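These are my notebook entries on a single protein chain. I set down what I looked up and what I found.

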Amino acid sequence: MRFLRHVFIIAVSLLLLVGLPLYRTGAVTRLLSGEGADALTAATVVIEQPSGAYVVLINKELHRDEEKLAEWKKFFSGQEIDYIFEDISCVVADSDPAGLELARSFQSRLPENQMKLRTEDATLMLSKARYGSFDVMLLSREVYDAHNTAAIAGGDQVITIESEGL
């Protein structure tokens with residue numbers, strides 16, 4: 001009898017310590033109902049696009065499928081798109097906080113891990129870009145003009161998208 005009472009007290013204690021908080025947060029009902037994030041749902045909240053002028057450069061050598069390339073153009077122009085079955089890597093100058101904010105805004109509109117985002121020294125980034133060593137490059141208009149990036153954007157293997165933020 002003493003053993004059963006001991007097991008009962010432990011079971012009730014565990015139920016109160018673990019079960020009650022799970023029940024109060026709704027985790028149990030979500031688990032039992034099967035609701036939750038699907039494979040296409042972004043893991044973050046969509047970040048609003050910041051104001052200002054921006055330039056997006058897309059390397060056509062890495063995007064040979066015309067349909068997907070057209071979808072990326074629409075996406076970076078600020079239009080709504082369906083899911084694109086292609087991952088991208090976006091590079092932003094580390095001295096460009098406005099460009100980084102815009103890149104994070106674009107990243108938040110995609111499923112998790114579809115857009116890899118990295119920052120790099122502007123001079124090194126533009127030096128690599130002259131040889132086509134980038135997928136997508138995002139710059140604020142100020143950084144674009146300051147580093148004479150028009151020479152890179154003028155090539156026939158680079159798509160240039162200029163846009164104004166909100």
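**Entry 1. Ile84**

I began with Ile84 in this predicted model and listed its contacts. Leaving aside neighbours within four places in sequence, I found Ile84 in contact with Lys68, Glu71, Trp72 and Gln114. Ile84 is placed in the loop between H3 and S2. Is Ile84 buried or exposed? I noted a relative accessibility of 3% for Ile84, so it counts as buried, the cut-off for that word being under 20%. I also looked up its distance from Leu4: the two residues are 80 apart in sequence, and their C-alpha atoms are 59 Å apart in space.

**Entry 2. Helix H3**

Next I turned to helix H3, which spans residues 66-76. Which residues of H3 are buried? I recorded Leu69, Trp72, Phe75 and Phe76. These four lie on the same side of H3, because they cover an arc of only 120 degrees around the axis. I recalled the general rule here: an α-helix has 3.6 residues a turn, so residues three or four places apart point the same way. On the other side of H3, I found Glu66 and Glu67 exposed.

I then asked what the buried residues of H3 pack against. The partners are strand S1 (53-59), strand S2 (88-93), helix H4 (97-108), strand S4 (136-140) and strand S5 (158-164).

I also inspected both ends of the helix. At the N-terminal end of H3, Asp65 acts as a cap, with a side-chain oxygen 3.1 Å from the backbone nitrogen of Glu67. Just after H3, Gly78 has a positive phi of about 95 degrees.

**Entry 3. The sheet**

I traced the strands next. What is the order of the strands in the sheet? I read it as S3-S2-S4-S1-S5, an open sheet of five strands with mixed pairing. Strand S3 (115-120) and S5 stand at the edges; each has a single partner strand, so one side of each is left without a neighbour in the sheet. From one strand to the next, the twist averages 25 degrees.

I reminded myself that strands of a sheet pair through backbone hydrogen bonds, either parallel or antiparallel. For S1 and S4, I noted an antiparallel run joined by five bridges. Leu57 has Met137, in S4, as its bridge partner. Helix H4 lies across S1, S2, S3 and S4, and I noted that H4 runs at about 170 degrees to S3.

**Entry 4. Asn59**

I looked up Asn59, a residue of strand S1. Asn59 counts as buried, because its relative accessibility is 3%. What does the side chain of Asn59 reach? I found the backbone oxygen of Gly132, at 2.8 Å. Not counting residues up to four places away in sequence, Asn59 touches Gly132, Phe134, Asp135 and Gln157.

**Entry 5. Asn113**

I checked the backbone of Asn113, which sits in the loop between H4 and S3. Its phi is near 70 degrees, a positive value in a residue other than glycine. Asn113 has a relative accessible area of 52% and is therefore exposed.

**Entry 6. Salt bridges**

How many salt bridges are there? I recorded a count of six.

I examined Arg64 and Glu61, whose side chains meet in a salt bridge with an N to O distance of 2.8 Å. Arg64 counts as exposed at 61% relative accessibility, whereas Glu61, at 35%, counts as partly exposed.

I then looked at Arg141, which forms a salt bridge with Asp145, the closest N and O atoms being 3.4 Å apart. Both residues lie in helix H6 (residues 141-146), and they are four residues apart, about one turn of the helix. Asp145 is partly exposed, with a relative accessible area of 49%.

Arg141 also forms a salt bridge with Glu162, where the closest N and O atoms are 2.2 Å apart. This pair links distant parts of the chain, for Arg141 is in helix H6 and Glu162 is in strand S5, 21 residues apart. I noted Glu162 as exposed, with a relative accessible area of 52%.

My last note concerns Arg118, Glu120 and Lys128, which are joined into one network by salt bridges that share partners.

Note on methods. Residues are numbered from 1 along each chain as its sequence is written. Side-chain values use heavy atoms; hydrogens and water are left out. Buried means under 20% relative accessible area, exposed over 50%, partly exposed in between (1.4 Å probe, protein chains only). Helices (H or I, at least four residues) and strands (E, at least two) are DSSP runs, numbered from the N terminus. The arc is that of the directions from the helix axis to the C-beta atoms. Contact means heavy atoms within 4.5 Å. A polar contact is a pair of N or O atoms within 3.5 Å; within protein, one must be able to donate a hydrogen and the other to accept it, and residues adjacent in sequence count only if both atoms are side-chain atoms. A salt bridge is a side-chain nitrogen of Lys or Arg within 4 Å of a carboxyl oxygen of Asp or Glu. Two strands pair if DSSP finds at least two bridges between them. Axes are lines fitted to C-alpha atoms, for helices over the stretch in contact, and angles run from 0 to 180 degrees between N-to-C directions.
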